[in-house]
Amino acid sequence: MEKERSVFIVGIDESKQSFHALEWALDSFFAPFSQEALPYKLVILHVRPVVSSYVGMAGPGASDILPMVEHDLHASASKVTERAREICVSKSVADFTVEVKEGDARNVLCEAVERHHASMLIVGSHGYGAIKRAVLGSVSDYCAHHAHCTVMIVKMPKVKN
């Protein structure tokens, strides 16, 4: 009987920070193992915003632009997931699943942890200061407090001047 592998979820968006987190996860937990003996199952999750969050209260005529916004969000999600696939292939990691969900990234990531019974959630850090984080909200901070698993927040390396 095959042993059930632990699930690691990597949350990605279009930022360089999230792709750095994916590369870090692959280098740290997946690339060192042969593909036949991977101890972990990798789920890469991109959360795209709900169309109505972009259109909001645009008033009359908003329904005319909904299809265009939907198309743009779909195209953006395709670019993000394709880049994630390319990174995995470049690291010789072939056993992974890519999911695209819609909603608030904070909630969707925490729900994915429950759905997959994940052992670890890996996200990038945008490095916002306290004020910007308070205004915009921090996905990584929310997940660190609400996800029912270990949360690894990966920071970009500091650039020396």
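Is S92 buried or exposed? S92 is exposed, because its relative accessible area is 55% and the cut-off for that class is over 50%. This residue belongs to a predicted model, in which the protein has 161 residues, 37% of them buried. The briefing below moves from the overall architecture to two helices, α1 and α4, and then to individual residues.

**Overall architecture and confidence**

- The protein contains 6 helices and 5 strands.
- Along the sequence, these elements are arranged in the pattern β-α-β-α-α-β-α-β-α-α-β.
- Contacts often link distant parts of the chain: among those between residues at least 6 apart in sequence, 77% join residues at least 24 apart.
- The mean pLDDT of the protein is 86, and 83% of the residues reach 70 or more.
- Confidence is highest in helix α4, at a mean of 97, and lowest in helix α5 (residues 130-136), at 52.
- Where pLDDT is low, the predicted coordinates should not be read in detail.

**Helix α4: length and buried residues**

- Helix α4 covers residues 105-116, and its 12 residues should span 16 Å at 1.5 Å a residue. The C-alpha atoms at its ends are 16 Å apart, which agrees with that expectation.
- V108, L109, C110, A112, V113 and H116 are the buried residues of α4.
- An α-helix has 3.6 residues a turn, so residues three or four places apart point the same way.
- The buried residues of α4 pack against four strands, namely β1 (6-12), β2 (40-48), β3 (96-102) and β4 (120-124), and against helix α6 (139-146).

**The packing of α4 with α6**

- The axes of α4 and α6 are 9 Å apart and meet at an angle of about 35 degrees. The crossing of these two helices is right-handed.
- On the α4 side, the contact is made by A105, R106, N107, L109 and C110, while α6 contributes V139, Y142, C143 and H146.
- Sorted by class, the residues of this contact are 6 nonpolar, 2 polar and 1 charged.
- One of the contributing residues, A105, lies in helix α4. A105 counts as partly exposed, because its relative accessibility of 22% is not under the 20% that defines a buried residue.
- Leaving aside residues up to four places away in sequence, A105 touches V47 and V139.
- A105 and Y142 are 37 residues apart in sequence, and their C-alpha atoms are 9.8 Å apart in space.

**Helix α1 and its surroundings**

- Helix α1 (residues 16-30) has 15 residues, which should span 21 Å at 1.5 Å a residue. Its end C-alpha atoms are 20 Å apart, in agreement with the expected value.
- The buried residues of α1 are Q17, S18, F19, A21, L22, A25, L26, F29 and F30.
- Q17 has a relative accessibility of 13% and therefore counts as buried, since this value is under 20%.
- Apart from residues up to four places away in sequence, Q17 touches G124, S125, H126 and M156.
- Q17 and H126 are 109 residues apart along the chain, yet their C-alpha atoms are separated by 6.1 Å.
- M156, found in the segment after β5 (150-154), is partly exposed, with a relative accessible area of 33%.
- M156 touches K16, Q17 and H20, again without counting residues up to four places away in sequence.
- The C-alpha atoms of M156 and S125 are 7.4 Å apart, although 31 residues separate the two in sequence.

**Two residues with a positive phi**

- S92 has a positive phi of about 60 degrees although it is not a glycine. S92 is located in the loop between α3 (62-90) and β3.
- H117 is not a glycine either, and has a positive phi of about 55 degrees. This residue comes just after α4, in the loop between α4 and β4.
- H117 counts as exposed, because its relative accessibility is 65% and the cut-off is over 50%.
- H116, by contrast, is among the buried residues of α4.

How values were computed:
Residues are numbered from 1 along each chain as its sequence is written. This is a predicted model: local features need pLDDT of at least 70, side-chain atom pairs count only at pLDDT 80 or more; totals for chains, interfaces and linings use all residues. Side-chain values use heavy atoms; hydrogens and water are left out. The expected span of a helix is 1.5 Å times one less than its number of residues. Buried means under 20% relative accessible area, exposed over 50%, partly exposed in between (1.4 Å probe, protein chains only). Contact means heavy atoms within 4.5 Å. Axes are lines fitted to C-alpha atoms, for helices over the stretch in contact, and angles run from 0 to 180 degrees between N-to-C directions. A crossing is left-handed if the near helix is turned anticlockwise from the far one by less than a right angle, and right-handed if clockwise. Ala, Val, Leu, Ile, Met, Phe, Trp, Tyr, Cys and Pro count as nonpolar, Asp, Glu, Lys and Arg as charged, and the others, Gly among them, as polar. pLDDT is the predictor's confidence in each residue, from 0 to 100.
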